[in-house]
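Biologist: Hey, I'm new to this one. Can you walk me through it?

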Amino acid sequence: MLLLGCIKEVSDYELVVSLPNGLSGFVPVTQISDAYSKMLSKQVDQGELLEDLNSLPDMYSPGTLVRCIVTSVEKSADGRRSIKLSIDPRKVNKGLNASALASGMLLSGFVSSVEDHGYLIDIGVSGTHAFLPRQKAQNYIKAVKRGKWPDLKIGQNLNCVIVEVKNEGRVVRLSIDRSEVAASLATERQNWTLSNLLPGLVVKARVQKVAPLGIKVSFLSSFTGIVDFMHVDPEKSMNYSSDQVIKACILSVHPTSKVVRLTLRQSFLHPGGSPNQLSNDRMGAVVEESTVKAFYKQFGAIFELDDGTLAFARLKHLSKNRKSFKPGAFKAGCKHKCRIIDYSLMDEMCIISLKYRVIEARFLQYQDIHAGDVVQGKVLALRPIGMQVKVTDGIRGLVPSMHLADVILKQPEKKYNIGDEVQCRVLECNPEGKKLILTLKKSLVQSKLPVLSNYEDAKPGLITHGFVVCAKEFGCIVKFYNDVKGLVPKNELSSEPISCPDKAFHDGQVVKVMVLKCEPQQERLLLSFRLSSKPAPEDKKKCTPKKKQEVKYQIGEMVDVKVLKKKRNGLEVSILEDEGNVIAWIPTVHLSDFVVNCKLLWHCLQEGDVLPRVMCLSDKGEHITLSRKSAVISAVQEEQVVRSFSEIQPGMLLTGYVRNVMPFGVFVEFPFGMTGLAPKVSMSDKFVTDTKDHFVVGQTVIAKVMSIDEEKQRVLLNLKVSECSSGDSAAESFALLNQYFKEMKEIRNLLRRRGEPSMAQGLCELVPGKELQLVVQDVKEDGSALFSGSCVTGLTVTATRYHLGDKNIVPGEKTKALVLHVDALTSRVYVSLHEELLKQRPKQVCVHGSQRTPSTLPSCST
């Protein structure tokens with residue numbers, strides 16, 4: 001497919017090209033031209049730089065229009081498509097032959113040779129010798145390069161107009177004079193055909209039909225094409241009429257369908273021009289009010305921003321997910337908050353997003369990231385050189401092998417899995433080269449010491465963290481951020497003499513150093529491992545955790561904590577990320593989504609235990625509340641939450657927890673402080689006599705928004721199971737049951753370490769579905785029975801009258817029984833003697849959650 005593109009970024013190895021409809025493609029350095037590729041090969045063979053070989057940044061600049069051909073479309077592991085392009089004239093102009101060449105044609109050409117009287121130009125037509133006289137190039141060189149180069153360079157891309165054709169196209173004379181190029185127009189006498197029609201040609205077109213999604217036009221007598229809604233002239237909008245004659249520029253030609261797309265935008269109607277660009281300060285800007293100009297249900301919406309410019313939001317960027325999308329909110333004139341996430345040079349439009357997580361995102365492009373920043377990422381791939389991490393949709397980073405942990409990992413795949421969330425610190429960021437180097441060393445990520453990212457900040461006496469990159473006989477070289485490094489001489493390695501530094505220190509070792517001397521101009525830094533004898537301020541803080549918070553935690557932020565004290569209704573913990581200096585609170589009801597597990601976990605946990613990945617629920621002044629409820633954590637991380645009353649819409653399904661149980665209904669609280677009421681009639685599919693029989697405070701629930709009262713800021717909810725399922729009840733139930741078993745496994749592990757050896761071992765081994773050999777100990781008046789056995793020593797084992805089945809048992813009798821439930825708090829085990837359960841035992845329950853679970857398991861109240 002042939003396309004007109006605009007160079008967006010230039011590096012030594014590729015051109016990033018903006019394509020129509022907000023797409024981007026890549027031109028490798030080997031796909032510029034045949035002459036340039038031969039020079040590259042020659043340089044590689046000789047192993048030294050060639051004087052007449054110029055780099056891509058020397059020859060190309062952003063804003064230049066180029067003709068491209070798609071060579072391949074590849075799909076990456078994360079589902080993103082990569083469009084590979086070529087601007088080689090042998091591929092772009094392959095539809096042309098010598099006999100088809102005519103005066104006035106506008107073609108792409110590349111300088112292949114510099115001669116005494118001019119230049120040989122490669123226009124990609126076999127058997128044709130194209131020559132550009134020197135006088136036809138002087139005005140171009142002066143205007144474009146401002147006299148910087150006396151000559152055009154091999155590999156340079158040019159818009160060429162054919163001035164003269166000789167010997168049936170075997171010899172052509174060209175011009176690149178800007179006025180001649182700008183005035184060029186494709187005409188019928190040039191005999192263009194669908195097989196050789198090129199993007200970038202300007203034509204006179206006649207309007208055939210005007211439709212909501214664009215305009216159908218005819219041109220060059222027999223050709224038809226389409227101008228889509230993004231490429232009409234914004235000043236004229238849709239004020240076009242049938243039979244109107246207009247100038248248009250060809251944007252693309254599809255090779256098989258022969259569909260031709262054109263643009264009516266003024267910047268493209270004069271060849272050799274450049275599209276309008278976006279000012280740097282607008283990229284990433286948040287626009288409080290953007291107005292909907294038009295909505296296209298298959299594509300997205302056109303908006304007018306606060307400065308009057310137009311912007312486009314793709315369908316997927318109009319709402320956080322497909323379920324929450326409401327077409328009615330995008331009628332012409334509606335206003336929305338948005339953020340500029342990109343700019344399409346070929347469409348001359350900002351690309352925007354209305355997603356809350358994008359608007360609030362800390363990082364949008366590489367320019368937003370600085371050395372020393374702590375970022376959250378997702379593991380994309382593990383390579384021999386290190387780990388590839390996805391920071392955002394458009395930002396990727398590399399964690400070198402040395403930085404995967406505080407120690408060198410021989411088998412990193414055992415510690416990290418694809419998709420794992422990781423917290424990294426930025427070591428180096430180069431926005432121009434899109435290079436981001438990260439570290440996972442906890443000592444660096446969690447360090448509270450100043451970040452040293454330039455030599456100017458290295459003042460004598462500064463104490464900071466760095467890492468060893470070289471240990472030699474003369475001392476150690478320590479590296480910091482942004483490639484800042486310094487020397488620790490042998491006499492400053494320790495207060496005691498060290499004869500072999502390479503044996504005392506290893507590459508990658510995190511060290512605390514003090515700056516002795518710095519010469520910023522020479523980039524010299526002298527360091528010492530011998531810190532001041534006076535205790536550093538951070539050392540004084542390690543005595544006792546403080547309750548006054550100095551660091552604000554965001555709701556949804558994940559932290560690791562250590563249990564300090566057990567109180568009647570919760571756990572007092574310290575946040576490890578702040579080196580234990582910040583105290584927080586986990587209410588007992590927030591230890592789990594499951595009420596029974598909350599009490600069990602509180603009972604099993606002890607002071608000093610570490611709880612990983614606990615979420616900040618609120619940070620009000622000196623009071624930080626945390627939660628371990630996995631359903632609530634998932635809702636926040638997946639953006640299935642509302643952050644303000646204005647975001648609440650009837651029909652939404654929200655995950656929350658019971659705040660209060662009243663005789664008239666249940667109050668439910670959601671993350672970010674929103675609350676709602678589920679009236680008594682909407683609490684359950686069954687008739688509710690007493691609300692306390694159905695819900696308890698702290699219970700995790702999924703609630704459906706019934707209605708909202710904006711004036712009184714009230715929300716009415718529905719907690720009926722039949723109303724609160726997202727559709728796949730079996731899958732939801734399975735996930736809940738699986739989470740329950742995971743927590744039970746965690747509790748059993750705690751019991752093994754904490755309980756009486758024999759009793760704890762017994763409780764841990766007794767899981768639902770296990771078959772036991774028991775002896776009847778007693779049969780009570782109510783029909784229930786007590787049992788004993790070597791596998792249940794110290795435990796109370798009981799079966800209700802119903803679960804004795806038809807058996808008439810007597811004390812001393814041996815029998816088989818199936819474990820139904822284990823209450824670790826009371827050390828009670830409930831069993832059944834039913835034959836049908838014993839026979840079906842292997843198919844009923846699997847403690848690892850690998851068997852099917854009943855679809856009737858409640859999905860809205862766990």
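**Core, a buried Asp and cysteines**

Modeller: Sure. The largest nonpolar core has 52 residues, and Ile121, Leu152, Trp192 and Phe219 have the most contacts inside it. Such a core is a set of buried Ala, Val, Leu, Ile, Met, Phe, Trp, Tyr and Cys residues joined through side-chain atoms within 4.5 Å; buried means under 20% relative accessible area with a 1.4 Å probe, protein chains only. This is a predicted model: local features need pLDDT of at least 70, side-chain atom pairs count only at pLDDT 80 or more, and totals for chains, interfaces and linings use all residues. Residues are numbered from 1 along each chain as its sequence is written, and side-chain values use heavy atoms, without hydrogens and water.

Biologist: What is Trp192 in contact with, leaving aside its neighbours within four places in sequence?

Modeller: Its partners include Leu96, Met105, Leu220 and Phe223, where contact means heavy atoms within 4.5 Å.

Biologist: New topic. Which side chain of opposite charge is nearest to Asp228?

Modeller: That's Arg261, 4.6 Å away; Asp228 is buried yet has no salt bridge. A salt bridge needs a side-chain nitrogen of Lys or Arg within 4 Å of a carboxyl oxygen of Asp or Glu.

Biologist: What lies 3.0 Å from a polar atom of that Asp228 side chain?

Modeller: The backbone nitrogen of Met230.

Biologist: And how many disulfides are there?

Modeller: Zero, searching the whole structure for cysteine sulfur pairs within 2.5 Å. For Cys424, the nearest cysteine sulfur, that of Cys429, is 13 Å away.

Biologist: Why no bond for Cys598?

Modeller: Because the closest cysteine sulfur, in Cys604, is 12 Å from its own, too far for a bond.

How values were computed
Buried means under 20% relative accessible area, exposed over 50%, partly exposed in between (1.4 Å probe, protein chains only). Lys and Arg count as positive and Asp and Glu as negative; His and the chain ends are not counted. A polar contact is a pair of N or O atoms within 3.5 Å; within protein, one must be able to donate a hydrogen and the other to accept it, and residues adjacent in sequence count only if both atoms are side-chain atoms.
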